[in-house]
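Biologist: Could we go through the backbone geometry and the nonpolar packing of this model together?

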Amino acid sequence: MRASRLLSVLLLLQSHGRLTAAQLAERLAVSPRTIYRDVESLHAAGIPLYGEAGHAGGYQLVDGWRTRLTGLTAEEADRLFLAGLPGPADELGYGDVVAALQLKLHAALPAPLRDRATRLQQRFHLDTPGWYADGDASPELARTAEAVWRQHRVEVRYRGWNGEVTRVLEPYGLVLKGGRWYVVADQPGRGAPATYRVNQILALTPLAQEFDRPADFDLPSWWRAHVVQFRARLHRDEAHVRLSPAGRERLREVGSDPVVTAMDSSAGPPDARGWVTAVLPIESLTHAHGDLLRLGADVEVLTPVALRERLAATAAGLAALYSPT
């Protein structure tokens, strides 16, 4: 651990030129006194490192001296693809590894490319969850990832649509979609992978049994096909509606891409008030009821009649609830 920290001190100074003991301590999550001891150890090892006192002081390496100890460990190389995703990497339990990897990559770059990399980090940021949710809290995510990596079966207690179930799974891969983690897994002997929300795993027990991941299984391709099938199943019915100009704009904000596309392609000419008639795909009466309520009085459902009656009953209930009398 200490050897790794000494190397980190060297790489930080190599990347940034000059840093105070306090700055080094903050970056490495140690005390300044620990940094003082580390600097003494580097001096004793013959590293050309010197310090200057005063407001603009700090530690720095002799000009022209660069460490060549920037080789990646096996674990860091395995996690290289996560270097641009510090948030998800931290959720998977690889936050420290990715931070060390980024430091090594930064130190290994020549000065012009190092400056460019710094500008990129300052100007681009990936925030995967949506606006109205912070993503999943998945206590079993790290252990699920470990099982994926080691190709070990797991026994899970899972909260499904029909209540809690217990399953033995062979996890093929993890997918982060809209701030939510999904594990793509098969059941032994079934031969048909399915998706499971990781935050719905109530308990996970790693099993000693390894499994053979199909050699031809391609996670990105499988996931793309799964999304297409999911969207096809999602919209099994349709609703004929009237939308005001404000309703159309609101639907563009809250509606899914297929719904917005259907509105644009099916909308007829506007009437004298600017309202248009359109056909929208819906998943079920319950989902459509909740979705269309978000448009308030800027949408009128014509059919199906059952959906129109549900919305009318809700509107009547709201009017009674907020009546002055």
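The turns below discuss a predicted model, beginning with the backbone and ending with the core.

Biologist: Which residue follows Thr303 through a cis peptide bond?

Modeller: The place to look is the loop between strand S11 (299-303) and helix H13 (305-321). There the peptide bond that starts from Thr303 has omega near 0° and is therefore cis, if we set it out as a plain reading of the angle. The residue that follows Thr303 through this bond is Pro304.

Biologist: Is Ala29 buried or exposed?

Modeller: Ala29 sits in the loop between helix H2 (21-28) and helix H3 (32-44), and its phi is positive, about 60°, although the residue is not a glycine. Its relative accessible area is 71%, and because the cut-off for exposed is over 50%, Ala29 counts as exposed.

Biologist: What is the relative accessibility of Gln151?

Modeller: Gln151, in the loop between helix H8 (141-150) and strand S4 (152-160), is a residue other than glycine with a positive phi, near 55°. Gln151 counts as partly exposed, and its relative accessibility is 28%.

Biologist: Which element gives the most residues to the largest nonpolar core?

Modeller: The largest nonpolar core has 18 residues, and those with the most contacts inside it include Val241, Met263 and Leu307. Among the elements that give two or more residues to this core are strand S9 (237-243), helix H11 (257-266) and strand S10 (276-282). The element that gives the most, with 4 residues, is S10.

Technical notes: Residues numbered from 1 in each chain as written. Predicted model: local features only at pLDDT ≥ 70, side-chain atom pairs only at ≥ 80, totals over all residues. Heavy atoms only, no water. Buried < 20%, exposed > 50% of the residue type's maximum accessible area, 1.4 Å probe, protein only. Core = buried A, V, L, I, M, F, W, Y, C linked by side-chain atoms within 4.5 Å.
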